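Open the model in your viewer and keep the sequence panel beside it. The tour below goes from one selection to the next and says what to look for at each stop.

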Amino acid sequence: MAFSTWEQHEEIGQSQIAINIQKFFEPYLENDEEIPVFKIDGQPLRKEEQTPEGFPPLKVHHPLGLWSTLAQASLVTNEFDSALALKYLKYFWNLEPRRGKYRYYDNLLYFFALLALSGNYQKEWS
């Protein structure tokens with residue numbers, strides 16, 4: 001499939017964004033229970049920035065969902081940074097589905113990532 005120059009640039013740009021996000025969260029790979037919630041500028045949310053009800057939370061409530069989507073990003077980053085992609089894929093492979101209160105949301109993201117990463121979740125283009 002031939003790409004025009006604009007399409008090639010767009011593909012590389014989106015892959016670079018995915019790589020940047022993976023690199024940003026890489027330090028948390030081994031400590032997924034303590035992932036802070038970040039503001040758009042990349043700074044962690046501070047306690048005084050929460051509402052009195054505690055929203056937004058100070059740490060990620062859905063780490064399985066986060067790791068699943070970051071692993072799925074490896075589908076577009078692999079040819080640009082295969083070592084980082086493999087690191088996320090290995091981490092994802094060893095995750096266990098979530099139990100308890102937040103299982104539906106996390107496990108849904110986990111399931112779709114598993115389908116995509118296995119090559120069994122594809123759109124038929126006609």
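A salt bridge is counted where a side-chain nitrogen of Lys or Arg lies within 4 Å of a carboxyl oxygen of Asp or Glu. Select Glu 49 and Arg 46: their closest N and O atoms are 3.9 Å apart, so the pair falls within that limit and forms a salt bridge. Keep in mind throughout that this is a predicted model.

**Stop 1: around Arg 46**

Leave Arg 46 selected and add Glu 48. Their side chains also meet in a salt bridge, with 2.6 Å from N to O. Now turn on the surface. Are these residues buried or exposed? Glu 48 counts as exposed, at 57% relative accessibility. Arg 46 is partly exposed, with a relative accessible area of 44%, and Glu 49 is partly exposed at 29%. Add Lys 39 to the selection to see a network of salt bridges that links Lys 39, Arg 46, Glu 48 and Glu 49.

**Stop 2: Asp 106 and Arg 98**

How many salt bridges does a search of the whole structure find? It finds five. For another of them, select Asp 106 and Arg 98, whose side chains meet at 2.4 Å, N to O. Asp 106 counts as buried, at 0% relative accessibility, while Arg 98 is partly exposed with a relative accessible area of 23%.

**Stop 3: helix H4**

Select residues 82–93, which make up helix H4. The helix has twelve residues, and at 1.5 Å a residue it should span 16 Å; the C-alpha atoms at its ends are 16 Å apart, so the model agrees with the expected value. Next, colour Leu 84, Ala 85, Tyr 88, Tyr 91 and Phe 92, the buried residues of H4. They cover an arc of only 130° around the axis, which means that they sit on the same side of H4. Turn the helix over and select Ala 83, Lys 90 and Trp 93: these exposed residues are on the face turned away from the buried side.

**Stop 4: aromatic rings**

Show the side chains of the aromatic residues. The structure holds nine aromatic pairs. One of them is formed by Trp 67 and Tyr 91, an edge-to-face pair with 5.3 Å from centre to centre and 70° between the planes. The pair links distant parts of the chain, with Trp 67 in helix H2 (residues 63–72) and Tyr 91 in helix H4, 24 residues apart. Both Trp 67 and Tyr 91 are buried. Then move to Phe 24, Phe 25, Tyr 28 and Phe 38, which form one aromatic cluster.

**Stop 5: Gln 22**

Finish with Gln 22, which is in helix H1 (residues 5–25). Gln 22 is buried, with a relative accessible area of 0%. What does the side chain of Gln 22 reach at 2.7 Å? The answer is the backbone oxygen of Leu 70. To see the surroundings, select the residues that Gln 22 touches, leaving out those up to four places away in sequence: Leu 70, Ala 73, Ser 74, Thr 77, Leu 84 and Tyr 88. Leu 84 and Tyr 88 were coloured at Stop 3, among the buried residues of H4.

Methods
Residues are numbered from 1 along each chain as its sequence is written. This is a predicted model: local features need pLDDT of at least 70, side-chain atom pairs count only at pLDDT 80 or more; totals for chains, interfaces and linings use all residues. Side-chain values use heavy atoms; hydrogens and water are left out. Helices (H or I, at least four residues) and strands (E, at least two) are DSSP runs, numbered from the N terminus. The expected span of a helix is 1.5 Å times one less than its number of residues. Buried means under 20% relative accessible area, exposed over 50%, partly exposed in between (1.4 Å probe, protein chains only). The arc is that of the directions from the helix axis to the C-beta atoms. Rings of Phe, Tyr and Trp (its six-membered ring) pair if their centres lie within 6.5 Å; planes under 30 degrees apart count as stacked, over 60 as edge-to-face and the rest as tilted. A polar contact is a pair of N or O atoms within 3.5 Å; within protein, one must be able to donate a hydrogen and the other to accept it, and residues adjacent in sequence count only if both atoms are side-chain atoms. Contact means heavy atoms within 4.5 Å.
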